[in-house]
Each structure stands twice: as structure tokens, then as C-alpha cells.
Amino acid sequence: MPALIFDCDGVLADTEQHGHLPAFNRTFTDFNVPVQWSVEEYAEKVKIGGGKERMRSILTPELAHSLGLKDDAAVDEAILAWHQRKTAVYKDMVASGVMPARPGIARIVQEAHDAGWTLAVASTSAEPAVRAVLTHAVGEGLAKHFAVFAGDVVPAKKPAPDIYLLALRELNLDPDDAIVVEDSANGLRAALGAGLRTLVTVSGYTREEDFTGASLVVSSLGDPAGEATEVLANDAGVDVSGVVTLATLQAILSTPRPGTGAANPAARSTPTETP
């Protein structure tokens, strides 16, 4: 049966501005780090793949010295502690319900599960945070049917294709039988680099990014009784009548699979991946 592989942040829930950003800032406060990112500043930070990498970006030699971080080992230890605290803060925010699932996520997951599809999440965000968002978005029952590939399980983060190549290998999947749901250009490049057809559901920080190579770009998956899907690009030429359905995904799978290599849009690194 086909496989449906989701990114996490921005796909299952629109988490960046109302989740990761305040979690980073609260962590900086907890550790007496004199940094507080604004919404505009964080829009630049989301271009850096990985939460620990974003934290490391603030550590100028002057700031590291003022915090008593005298060598690389001390910096690494501090980053690890900060990120563990940030993940805990973020998980609490997810559990509190401040970041509801994006439209259509629970619906399309139920449809795919009922049809026997393989379900997975592939994200280089921290695994506890990914599992928290997944469970909140689709419910504990459906979340149990997902394979989760998350955290520092691959050497290179998106836009490198490593996380999707790992998922394909571990699930014993042929790229012809899988479709990815992403929200960012970096995520799209990663999926295309693995030779995967990709549906993009834009999120708050990504709507203006370059999604060349995506099979379909939409505002959201949509819900029949709520938000309708706005089609932003439709290279696959599939029918979308109000919402993205399992039939839409099956139609995308019948279109030619993207190639790989330097000529592919996957070779271009553009924003953004999540912490």
C-alpha cells in the first residue's frame, strides 16, 4: 500500500510563531541568556535547520565569554541543556492546546489509515516534541500507527534528503509508493532530493517561499465543514474540490515522480526547517 509521510512543524500544526518562538525565548530567560527574538528576527532564524543550531547562532565570542562558556565543550554542554529545557517547555505548550492541528490533518490521516496506507512523520525536530504534536493533532489512537523519524537521526538536516531517505529505507518503501506533505521550501527540497512527490501546505512563515517542483501547493488540506482549500499551484493537474482527499493523493501518485540530481530544484537550499 502507499505511504503518507508528514513533516511535523507547520504541517501537523502551525507551531513556529506560537510555539517554538516563545519556547526559545522562555528558555533564554530561564538560563539568563540576554536574548529575546522578535517575530521578525525569528523569521530569519527559521531558515536555520534545527533548534540546537538556531541556539548556537546567538553565541558570538563575546556572549559566550559573558556566559562563562570558555571552550567548545562548554558551549556544546550549554546548548544541549538549553535545548532539553526548550523541548520541555514546548511539549507543555502543545499539551495545553495553544497550537491546534491544521485543517484536514486528522481527517486525511483517518482516511489513509482506513485505506491501509503506511503512515509516518519525518522531521529533524526533537523526537519528544514531534510525538507530542502528532498525538495532539491526530489523537493517541491514530498516533500509534505512525512510524516516527525525528531528532538527530541523520547527519544532515533539511534541505538535505537524509531524513526522507532514512524513512524510505526503514519502511522498505519504493519512492514511487510514497507522498510527502511539507510546508517549507527546505522540506520540499529534502523530499525532492529523495525522489518523492510532494504536497505543500503553506504555513505562517512559508507562504512566499519558492515551491518549484511541488506536485500541489495549497493553503491547507481543508475541512468540509470549515476552512476550504485554496490551490496556490497545481503542477500535477489534479482535481481539488474544496478539500484535499485521499483521492487527491492517489491522483498525485499517478503522476511522474520527480528526478534527482543537480538539475533538480532539490539542489537549491532555501528556507526553512523547524527546531
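This note discusses the strand order, two helices that cross the sheet, and selected salt bridges of a predicted model.

1. The sheet. The model contains an open sheet of 7 strands, and its pairing is mixed. Read across the sheet, the order is E3-E2-E1-E4-E5-E6-E7. E3 and strand E7 (231-233) stand at the edges with a single partner strand each, so one side of each has no neighbour in the sheet. On average, and with direction ignored, neighbouring strands are turned by 25 degrees against each other.

2. One strand pair in detail. Strand E5 (residues 197-201) is paired with strand E6 (residues 216-218) in the parallel sense, over 3 bridges. Within this part of the sheet, Thr 201 stands opposite Val 218 in E6.

3. Helices across the sheet. H6 lies across E1, E2 and E3, and runs at about 155 degrees to E1. H11 lies across E1, E4, E5 and E6, and runs at about 120 degrees to E4. The strand E1 is thus named for H6 and again for H11.

4. The buried residues of H6. Which residues of helix H6 (residues 105-114) are buried? They are Ile 105, Arg 107, Ile 108, Val 109 and Ala 112. The student may note that a charged residue, Arg 107, appears in this list. The buried residues of H6 pack against several elements, including strand E1 (3-6), strand E2 (118-123) and E3. Their other partners are H7, helix H8 (140-143) and helix H11 (246-253). Just after H6, Gly 116 takes a positive phi of about 85 degrees.

5. Salt bridges as a group. Side chains of opposite charge can pair when their charged atoms come close. A search of the whole structure finds 16 salt bridges. Three of them are described in the points below.

6. A salt bridge within a helix. Glu 127 and Arg 131 meet through their side chains in a salt bridge, at 2.8 Å from N to O. Why are these two residues separated by about one helical turn? The reason is that they are 4 residues apart in helix H7 (residues 127-138). An α-helix has 3.6 residues a turn, so residues three or four places apart point the same way. Glu 127 is partly exposed, with a relative accessible area of 32%, and Arg 131 is also partly exposed, at 39%.

7. A buried salt bridge. Glu 182 forms a salt bridge with Lys 158, and their closest N and O atoms are 2.7 Å apart. Glu 182 lies in strand E4 (residues 178-182), whereas Lys 158 lies in the loop between E3 and H9, so the pair ties together parts that are 24 residues apart in sequence. Are the two partners buried or exposed? Glu 182 counts as buried because its relative accessibility is 0%, and Lys 158 counts as buried because its value is 3%.

8. A salt bridge between distant parts of the chain. Lys 157 forms a salt bridge with Glu 53, with the closest N and O atoms 3.2 Å apart. Lys 157 is in the loop between strand E3 (146-150) and helix H9 (162-170), and Glu 53 is in helix H3 (residues 51-56); the two are 104 residues apart. Lys 157 counts as buried at 16% relative accessibility, whereas Glu 53 counts as partly exposed at 31%.

9. A network. Salt bridges that share partners join Lys 52, Glu 53, Asp 152 and Lys 157 into one network. The pair of Lys 157 and Glu 53 described above therefore belongs to this network.

Key:
Residues numbered from 1 in each chain as written. Predicted model: local features only at pLDDT ≥ 70, side-chain atom pairs only at ≥ 80, totals over all residues. Heavy atoms only, no water. Salt bridge = Lys/Arg side-chain N within 4 Å of Asp/Glu carboxyl O. Buried < 20%, exposed > 50% of the residue type's maximum accessible area, 1.4 Å probe, protein only. Contact = heavy atoms within 4.5 Å. Pairing = 2+ DSSP bridges. Axes fitted to C-alpha atoms, helices over the stretch in contact; angles between N-to-C directions.
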